Amino acid sequence: MKLLSAHSAGVVVVGVLAMGSYSAVMADHDHDHGHGHGHDHDHAHDHGQDKDVNAGYFDDDQVEDRQLSDWEGDWQSVYPYLQDGTLDPVFAHKAAHGDKTAAEYKAYYEKGYQTDVNRIVIDGDDVTFYEGDEAHTGEYVYDGYEILTYEAGNRGVRYIFEREAGDEEAPKYFQFSDHTIAPNDADHYHLYMGDDREALLEEVTNWPTYYPSDLSGKEIAEEMMAH
């Protein structure tokens with residue numbers, strides 16, 4: 001699966017993505033859309049958009065800038081729920097409707113969800129990353145979006161923020177992927193974190209995923225299976 005280009009404000013990045021790549025992350029996460037692969041997530045949210053947009057088919061002029069407030073709140077990683085078995089019903093559900101066994105789905109998501117950042121709190125321009133007993137806060141500014149274009153014809157958008165102040169241990173950059181291409185409050189998201197903006201655009205196998213911290217693991221599992 002090739003990434004033909006990633007662009008925003010005239011910047012073009014060319015690279016190659018592996019099978020099961022980000023193209024389907026920006027789709028509805030539970031359908032292969034004829035590409036022969038899938039990021040098989042189970043949460044297709046329309047966010048007021050039509051299904052084509054959710055599947056990664058949209059025009060450049062439909063994409064709008066977004067503010068950090070779209071993701072404001074207290075968020076928890078779903079990775080611990082994979083580890084303790086809470087999400088096992090999700091993988092069984094996928095196996096009943098997909099082309100992998102429950103164990104194969106779980107192994108796939110083990111790699112995708114894996115992260116040491118178990119909680120994220122977004123308050124104004126401040127973002128705090130919690131790793132166990134440690135917390136690192138950075139002040140972030142919007143650094144535009146990148147539209148990723150794929151050989152299969154579908155596309156995705158990542159919204160990027162850069163640390164301009166705060167703890168050096170906080171990521172220099174992070175990129176949101178939440179299936180939305182215009183201002184809207186997120187109900188979950190995938191986050192790419194690191195110090196190399198361009199390298200993050202080519203990260204396709206690890207996509208830590210966050211849901212509101214006030215949801216139980218069971219509620220998150222039910223949400224995933226409902227879509």
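The crossing of helices H4 and H7 is right-handed. Pro-89, Val-90 and His-93 of H4 make this contact with Ala-221, Met-224 and Met-225 of H7. Sorted by character, the residues of the H4 and H7 contact comprise 5 nonpolar, 1 polar and no charged. The model described in this report is a predicted one.

## Overall composition

The protein contains 7 helices and 10 strands. Of its 227 residues, 49% count as buried. Among contacts between residues at least 6 apart in sequence, 62% join residues at least 24 apart.

## Packing of helix H4

Two packed helices are described by the angle between their axes and the distance between the axes. For helix H4 (residues 88–97) and helix H7 (residues 217–225), the angle is about 15 degrees and the axes are 9 Å apart. Angles under 35 degrees count as roughly parallel, and H4 and H7 are therefore roughly parallel to each other.

Helix H4 also packs with helix H5 (residues 102–113), at an angle of about 120 degrees and with the axes 8 Å apart. That angle makes H4 oblique to H5. The crossing of H4 and H5 is right-handed. On the H4 side, Asp-88, Phe-91, Ala-92, Lys-94 and Ala-95 take part, and they meet Ala-102, Tyr-105, Lys-106 and Tyr-109 in H5. The residues of the contact of H4 with H5 divide into 6 nonpolar, no polar and 3 charged.

## Salt bridges

The structure holds 11 salt bridges. Three of the pairs are set out below.

| Pair | Closest N to O distance |
|---|---|
| Arg-155 and Asp-60 | 2.7 Å |
| Arg-119 and Asp-74 | 2.6 Å |
| Glu-146 and Arg-197 | 2.6 Å |

The side chains of Arg-155 and Asp-60 meet in a salt bridge. This pair links distant parts of the chain, for Arg-155 belongs to strand S7 (residues 155–166), while Asp-60 belongs to the loop between helix H2 (51–54) and strand S3 (73–77), 95 residues apart. Residues under 20% relative accessible area count as buried, and Arg-155, with a value of 12%, is therefore buried. Asp-60 has a relative accessible area of 38% and is partly exposed.

The loop between H2 and S3 also holds Asp-59. At 49% relative accessibility, Asp-59 counts as partly exposed. Asp-59 and Arg-155 are 96 residues apart in sequence, and their C-alpha atoms are 9.5 Å apart in space.

A salt bridge also joins Arg-119 and Asp-74. Arg-119 is part of strand S4 (residues 119–123) and Asp-74 is part of strand S3, so this pair ties together parts that are 45 residues apart in sequence. Arg-119 is partly exposed, with a relative accessible area of 29%, and Asp-74 is partly exposed as well, with a value of 30%.

The remaining pair in the table consists of Glu-146 and Arg-197. Glu-146 lies in strand S6 (residues 134–150) and Arg-197 in helix H6 (residues 197–201), so the salt bridge ties together parts that are 51 residues apart in sequence. Glu-146 counts as buried, at 1% relative accessibility. Arg-197 likewise counts as buried, at 14% relative accessibility. Both residues belong to a network of salt bridges that links Asp-143, Glu-146, Arg-197 and Glu-198.

## The backbone at His-179

Most residues other than glycine have a negative phi. His-179, although it is not a glycine, has a positive phi of about 70 degrees. This residue is found in the loop between strand S8 (173–177) and strand S9 (189–194). With a relative accessible area of 2%, His-179 is buried.

## Summary

Helix H4 is roughly parallel to H7 and oblique to H5. The contact of H4 with H7 includes no charged residues, whereas the contact of H4 with H5 includes 3 charged residues. Among the salt bridges, the pair of Arg-155 and Asp-60 links parts of the chain that are 95 residues apart, and the pair of Glu-146 and Arg-197 links parts that are 51 residues apart in sequence.

Terms used
Residues are numbered from 1 along each chain as its sequence is written. This is a predicted model: local features need pLDDT of at least 70, side-chain atom pairs count only at pLDDT 80 or more; totals for chains, interfaces and linings use all residues. Side-chain values use heavy atoms; hydrogens and water are left out. Axes are lines fitted to C-alpha atoms, for helices over the stretch in contact, and angles run from 0 to 180 degrees between N-to-C directions. Helices (H or I, at least four residues) and strands (E, at least two) are DSSP runs, numbered from the N terminus. Angles under 35 degrees count as roughly parallel, over 145 as roughly antiparallel, 65 to 115 as roughly perpendicular and the rest as oblique. A crossing is left-handed if the near helix is turned anticlockwise from the far one by less than a right angle, and right-handed if clockwise. Contact means heavy atoms within 4.5 Å. Ala, Val, Leu, Ile, Met, Phe, Trp, Tyr, Cys and Pro count as nonpolar, Asp, Glu, Lys and Arg as charged, and the others, Gly among them, as polar. A salt bridge is a side-chain nitrogen of Lys or Arg within 4 Å of a carboxyl oxygen of Asp or Glu. Buried means under 20% relative accessible area, exposed over 50%, partly exposed in between (1.4 Å probe, protein chains only).
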